[in-house]
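Reader: Hi, I'm a first-year student and I'd like to go through a structure with you. Could you take me through it slowly, and explain the terms as we go?

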Amino acid sequence: MSLVPAFEIGIWNAWIFMSSFLLQMLAVILLGKGVWARSSLPSGIKRSKVEKITPIIGNSVWFLAIVYSIFLPLQLGTLWFYIGLPVFLVGLVILAVATANFATTPTEKPATQGVYYLSRHPLYLSMFIIYIGTGIASASWVFILLGIANIFWIRTEALVEERYCLKRYGDTYRKYMNRTPRWIGIPKQRKAYA
């Protein structure tokens, strides 16, 4: 990694990896109006001042990362690339599977199957992994810092979503929260509810 960030336009740049987010959004749109509507929180949900600001910051960081990725060359043929590529691919698989799990869950139920069994927020987890994999594959400490900066936004949004899901799905979601880690881990054994 160089102290001075790379900045050159090219075909084999980090935009190739970052386009996964745009493709995921397109897939959600194409899956139908119901999936798109369900993928965002209602505008009337109560938020603290910090919770109102973090989506602006998070989306700004995301937009900055997308723009920077256009000018950030992947370090093809280097150890950086060969380490970053599998990290990115793990994030991409989680993103694709979580999107499919979310899209196929009935609207009246919370998404709890597939990768949602291992993480309450696999889409946010995949975002972080994709950022880190892209930063490593392009040997860019700036890009890795953008991924780390996004953790604050991701965590805050996850807490808002959990409050919303508790209100919407009630005890079903509470039981899901009690057995499933927020980010990743081994779920607690399901207890027989009598």
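**A buried glutamate and its partners**

Author: Let us start inside the chain: Glu162 is buried, as its relative accessible area is 3%, where buried means under 20%, exposed over 50% and partly exposed in between, with a 1.4 Å probe and protein chains only. Before going on, please note that this is a predicted model, in which local features need pLDDT of at least 70 and side-chain atom pairs count only at pLDDT 80 or more, while totals for chains, interfaces and linings use all residues. Residues are numbered from 1 along each chain as its sequence is written, and side-chain values use heavy atoms, with hydrogens and water left out.

Reader: ok, so which salt bridge does Glu162 make with Arg120, and what's the N to O distance?

Author: The side chains of Glu162 and Arg120 form a salt bridge with 2.9 Å from N to O, the term being used for a side-chain nitrogen of Lys or Arg within 4 Å of a carboxyl oxygen of Asp or Glu. This pair links distant parts of the chain, 42 residues apart, since Glu162 sits in helix H6 (residues 141-169) and Arg120 in the loop between helix H4 (79-104) and helix H5 (122-137). Helices here are DSSP runs of H or I with at least four residues, strands are E runs of at least two, and both are numbered from the N terminus.

Reader: and is Arg120 buried or exposed?

Author: Arg120 is buried, with a relative accessible area of 9%.

Reader: what about Arg182, how does that one meet Glu162?

Author: The side chains of Arg182 and Glu162 also meet in a salt bridge, at 2.8 Å from N to O. Here too distant parts of the chain are linked, with Arg182 in the segment after helix H7 (171-179) and the two positions 20 residues apart. Arg182 is partly exposed, at a relative accessible area of 24%.

Reader: how many salt bridges are there by this rule?

Author: The count comes to five salt bridges. One of them joins Asp171 and Lys175, whose closest N and O atoms are 3.6 Å apart.

Reader: why are those two separated by about one helical turn?

Author: Because Asp171 and Lys175 are four residues apart in helix H7, about one helical turn separates them. Asp171 counts as partly exposed at 45% relative accessibility, and Lys175 is partly exposed at 27%. As for the earlier group, salt bridges that share partners join Arg120, Glu162 and Arg182 into one network.

Reader: switching topic, what does the secondary structure of the whole chain come to?

Author: The protein chain has seven helices and zero strands. Its radius of gyration, taken over C-alpha atoms, is 18 Å, close to the 16 Å that the globule rule gives for 194 residues, so the chain is as compact as a globular protein of that length; that rule is 2.2 Å times the number of residues to the power 0.38. Of the 194 residues, 42% count as buried.

Reader: last one, which residues form the positive surface patch?

Author: Lys46, Lys49, Lys52 and Lys167 form that patch. Patches are made of residues with over 30% relative accessible area and no salt bridge, like charges being joined within 9 Å and nonpolar side chains (Val, Leu, Ile, Met, Phe, Trp, Tyr) within 5 Å. Lys49, which lies in helix H3 (residues 49-70), is exposed, with a relative accessible area of 73%.

Methods. Areas by Shrake-Rupley, 256 points an atom, 1.4 Å probe, with all protein chains shown as cover. Lys, Arg positive; Asp, Glu negative; His and termini not counted. Charge placed at Lys NZ, Arg CZ, Asp CG, Glu CD.
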